[in-house]
Amino acid sequence: MASLDPNEQRSATRDAWERAAAGWGKRADRIRDWGMPVSAAMVEALALRPGQRVLELAAGPGDTGFMAAQLVGPGGTLVSSDGADAMLDVARARAAELGVDNVEFRQLELEWIDLETATVDAVIVRWGIMLIVDPEAAAREVRRILRPGGRAAFAVWDTPQKNPWAVIPGRAMVELGHAEPPEPGAPGMFSLAGDGQLAELLEGAGFQDVVVSPVSVTRHYDALDGYLEETLDMSPLFSATYRELSADEQAAAVAAITTAAQPFVADDGSVT
């Protein structure tokens with residue numbers, strides 16, 4: 001399969017996240033809850049103080065940044081940003097719901113951040129930098145906009161073996177012939193999962209005192225149906241492929257995913 005032109009790839013990715021925003025908005029509370037160990041670790045690492053200016057990139061529903069916003073007030077500001085307009089709408093609604101008022105919203109790209117050099121004290125990038133065409137450019141941009149002594153916290157996914165919840169649906173699609181295997185080195189969930197990759201990326205961009213720490217995340221569902229529904233809502237690639245299938249093909253895909261997920265199903269039918 002021929003690789004997309006980088007600009008075509010960026011456009012396709014943006015379109016996918018515009019479509020996925022509604023599902024992420026619907027499940028924002030749940031995403032916040034199961035992702036809390038990651039968000040808490042990131043915010044703690046930033047050592048925030050009142051009066052600081054914090055930027056969250058690829059913010060999605062925005063909840064990690066909203067945690068930071070509480071710590072920089074009074075006098076501090078959060079810039080909550082995403083590349084997708086629809087995701088920004090979700091974040092705006094979340095901020096209003098949670099009463100976060102020291103926040104401004106901006107549409108920003110990771111690879112070219114439309115902010116002046118050395119204008120923010122801290123940057124948060126949760127589950128974003130591994131999905132873009134040029135993560136090296138993004139790391140350099142984050143370094144550029146940080147003030148002297150500023151801090152950045154990045155979260156990426158570890159290896160596929162440690163994240164079976166994410167692997168099972170896509171692998172079923174590949175095995176059934178409905179999708180191509182991921183190209184080595186292509187942007188994707190696990191593109192920075194290799195040992196030392198994230199540290200090498202950040203050190204190459206000029207960051208100092210880089211620390212990479214694993215964080216455990218548990219996802220629990222009352223039944224397999226809930227796992228499948230959440231995957232359809234949250235995974236742009238999987239949902240786009242699945243919705244193009246015939247009813248019989250969808251049933252076969254569900255059966256394959258159900259079989260592969262059995263090691264994680266308890267006697268009561270719940271999934272962890």
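This passage describes the sheet of the model and two of its helices. The structure is a predicted model, in which local features need pLDDT of at least 70 and side-chain atom pairs count only at pLDDT 80 or more, while totals for chains, interfaces and linings use all residues. Residues are numbered from 1 along each chain as its sequence is written, and side-chain values use heavy atoms, with hydrogens and water left out.

An open sheet of five strands (strands being DSSP runs of E with at least two residues, and helices runs of H or I with at least four, both numbered from the N terminus) has the order β3-β2-β1-β4-β5, with parallel pairing; two strands are taken to pair if DSSP finds at least two bridges between them. Strands β3 (103-107) and β5 (146-155) stand at the edges with a single partner strand each, so one side of each is left without a neighbour in the sheet.

Within this sheet, β1 (residues 53-57) pairs with β4 (residues 120-126) in the parallel sense over four bridges, and Val54 has Ala122 of β4 as its bridge partner. Strands β4 and β5 also pair in the parallel sense, over six bridges, where Ala122 is partnered by Arg151 of β5. Together with helix α6 (residues 135-145), β4 and β5 make a right-handed β-α-β unit, right-handed meaning that, with the strands pointing away from the viewer, the path from the first strand over the helix to the second runs clockwise.

Helix α4 (residues 63-72) is largely enclosed by the rest of the structure, because seven of its 10 residues are buried, that is, have under 20% relative accessible area (1.4 Å probe, protein chains only). The buried residues of α4 are Asp63, Thr64, Gly65, Phe66, Ala68, Ala69 and Val72.

Key: Buried means under 20% relative accessible area, exposed over 50%, partly exposed in between (1.4 Å probe, protein chains only).
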